[in-house]
Structure formats: structure tokens, C-alpha cells
Amino acid sequence: MQVLFPQTCSELQAMLAAMPQGRMMAGGSDLLVKLRQTGEAPPAVFCLDRLTELHQLGWQGEDYVIGAAVSLQQLLETADFAKNFACLHQAIGELASPPIRHAATLGGNLCSASPAADSVPALIVLEAGVDIEGPGGRRSLPVDGFILGPGKNGLRIGEFVRAVRLPRPPQDLVSSYHKVGRRKAMAIAVASLAAAYRLTADGEVAMIRLAWGSVGPTVIRGGEVEGFICGRPLTEDVLRQAGDLARQAVKPIDDIRASADYRRSLAGNLLLRLLPGAIAGEG
């Protein structure tokens with residue numbers, strides 16, 4: 001197995017054309033584990049860390065662009081990112097441990113397409129997009145159209161992710177990320193919830209986007225739940241009623257971490273964490 005270090009995106013494209021079964025590696029925190037577990041031996045691994053084009057970070061017009069090779073730790077330490085994208089900042093802070101975050105990347109976490117990925121629910125409620133490059137040129141997909149199923153993403157043969165793109169949020173947007181795991185740190189989510197909403201001057205919900213992780217084959221959007229909450233205040237009664245709808249919307253499974261019934265219960269209870277002053281362990 002060759003380990004190659006392309007210096008430009010053009011060079012990476014040429015390598016992918018020559019060895020389409022090769023695998024791309026940003027931080028390697030997911031890929032190397034999977035290769036060891038499965039015994040897979042691709043003809044080549046293309047390391048992306050020397051591609052300066054994939055290390056861009058910052059505003060481009062009204063979009064905040066995060067290059068596919070930017071580490072999660074760099075994002076956590078960027079004040080402008082934390083200020084504007086609170087739920088994603090919180091989600092990344094929940095992801096693994098500091099040593100892993102120094103290696104792992106947002107692009108890699110997205111491409112792994114895990115139903116339990118911490119970043120994906122937050123990216124969806126923030127209406128993030130994915131910039132893709134390949135033999136046919138460049139194209140973009142919304143994150144909720146990029147994730148196709150467990151371990152499956154929307155990349156075609158010869159394509160790679162250049163960047164994740166976040167639109168500038170309204171100043172009054174409130175966003176948060178909430179997760180339940182089997183322990184308090186370094187835990188894969190049993191269930192998670194990302195929320196982004198705006199309130200009217202009267203305290204009613206003018207707009208809300210909700211996305212649940214680890215309770216379905218992909219992240220679950222809460223269209224009916226969102227419709228119920230809109231126009232109402234964020235009170236305990238409203239959120240408990242919305243929780244009943246959420247339990248009907250999710251599609252959890254039983255696995256080693258939790259039963260489907262427990263996950264279904266959590267999906268509704270996590271909405272209570274949107275209450276002003278809710279304590280982190282509630283739900």
C-alpha cells in the first residue's frame with residue numbers, strides 16, 4: 001500500500017484518476033481504525049494534510065469556509081467560529097479527546113457519514129453546504145443531501161471534499177447541541193439533538209430547525225416537530241408535547257449502547273434542554 005502526499009488539488013485529482021480505489025486521509029482518526037478492523041488494503045492512501053488549498057478558514061463574502069483539512073482543535077480555538085456557530089462549536093467540543101481533535105477534521109467527520117457523528121446534526125441546522133471537486137469540476141451539496149446512509153456519502157468516483165461552507169447566521173439566531181452518552185467524556189452519542197431558532201419580541205418561536213443524531217440511519221429532521229413549535233413559546237408544556245411528536249419521528253435501533261425504546265424516549269426528552277436555564281444533564 002502506497003502512502004502519497006499530493007501538494008495540490010490538481011495532483012490529488014491525477015492520483016485519484018490513476019488509482020480510483022485509493023483512500024483519502026485527512027487526520028486518519030476514523031480511516032486508520034477502519035482499515036485495521038476490516039483488514040482492507042487499498043492500493044494507496046492519499047494524505048491531505050499538505051494541501052494548503054484545503055486549510056482555508058474564514059469568511060468568504062457571506063459564507064464561513066472551513067477547508068476539509070482544518071483540524072477540529074483549530075476550529076475550537078478560533079474565536080470567530082465559536083461566536084457565530086455555537087451549536088457546531090459545542091458539538092466539536094463533545095467529539096472524542098483533545099489529542100484526537102488535533103488530528104481529526106470536520107471534512108473527515110462528515111465523510112465518515114456515521115449516524116452518531118457529533119458534527120452532522122449541527123451542520124444541518126446551520127444549513128451548511130459541502131464544496132466538492134472532481135473530474136466533472138466543482139459542485140455543492142447541502143449536508144443533509146450529502147449523507148446518504150450509514151458510512152455512505154454523496155462523493156462520486158474521483159471526487160473529494162474541498163470545504164464545508166456555513167452561511168452567515170442572523171444575529172438573533174440561537175443554536176445549541178445536546179448529547180447523551182454512556183459516560184461524560186469520549187462517548188459515542190446514544191442520542192443527540194442540534195437546534196437553531198429565532199424568537200419574536202413576544203418570546204414566541206419565529207423559526208426553528210431541529211436535527212437528531214444516533215436515532216436513525218441518518219440524521220433525522222423534525223419537520224412536524226418544528227411546525228408544532230413555531231408560533232409558540234419555548235415552555236415546558238410546549239416542549240413536552242413536541243417531544244411526543246419527536247418520539248414518533250425518529251427511527252432508532254437496538255445496539256450495544258442502548259435500546260431503541262430508550263433512544264426514542266431520549267429524542268423527546270432532549271427538547272427540554274431548550275428551556276431557558278435548563279441544566280445540561282436534564283432529559
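**View 1. A113, a buried residue with a positive phi.** In this predicted model, A113 has a relative accessible area of 1%. That value is under 20%, so A113 counts as buried. Look for A113 in the loop that joins α7 (106-112) to α8 (119-125). Its backbone is worth a look too: phi of A113 is about 55°, a positive value, although A113 is not a glycine. For context, most residues other than glycine have a negative phi.

**View 2. S214, another non-glycine residue with a positive phi.** Here we move to the loop between β13 (205-213) and β14 (220-221), where S214 is found. S214 is not a glycine, yet its phi is positive, near 65°. Is S214 buried or exposed? With a relative accessibility of 8%, S214 counts as buried.

**View 3. The hairpin of β4 and β5.** Strands β4 and β5 (residues 63-67) pair in the antiparallel sense, over four bridges. Which residues of β5 are the bridge partners of G58 and Q60? G58 is matched with V65, while Q60 is matched with D63. Two residues lie between the strands of this hairpin, and G61 takes a positive phi near 65°.

**View 4. The five-stranded open sheet.** Stepping back from the hairpin, you can follow the strand order β4-β5-β10-β6-β7, with antiparallel pairing. At the edges are β4 (57-60) and β7 (137-142), each of which pairs on one side only. From one strand to the next, the twist averages 25°. In general, strands of a sheet pair through backbone hydrogen bonds.

**View 5. Helix α1 across the sheet strands.** Helix α1 (residues 9-18) lies across two strands, β6 (129-134) and β10 (160-167). Relative to β10, the helix runs at about 130°.

**View 6. The largest nonpolar core and the contacts of L123.** This core holds 40 residues, and the ones that touch the most other members are F81, L88, L110, L123 and L166. Helix α8 gives the most to the core, with five residues. Which residues does L123 contact, leaving aside its neighbours within four places in sequence? They are L88, L106, L110, A128, V143, V164 and L166. Such grouping fits a general tendency: in soluble globular proteins, nonpolar side chains tend to be buried together.

**View 7. Another nonpolar core.** Apart from the largest core lies another one, of 30 residues. Among its members are V190, L193, L239 and V250, which make handy landmarks for finding it in the structure.

Note on methods: Residues are numbered from 1 along each chain as its sequence is written. This is a predicted model: local features need pLDDT of at least 70, side-chain atom pairs count only at pLDDT 80 or more; totals for chains, interfaces and linings use all residues. Side-chain values use heavy atoms; hydrogens and water are left out. Two strands pair if DSSP finds at least two bridges between them. Axes are lines fitted to C-alpha atoms, for helices over the stretch in contact, and angles run from 0 to 180 degrees between N-to-C directions. Contact means heavy atoms within 4.5 Å. Buried means under 20% relative accessible area, exposed over 50%, partly exposed in between (1.4 Å probe, protein chains only). A nonpolar core is a set of buried Ala, Val, Leu, Ile, Met, Phe, Trp, Tyr and Cys residues joined through side-chain atoms within 4.5 Å.
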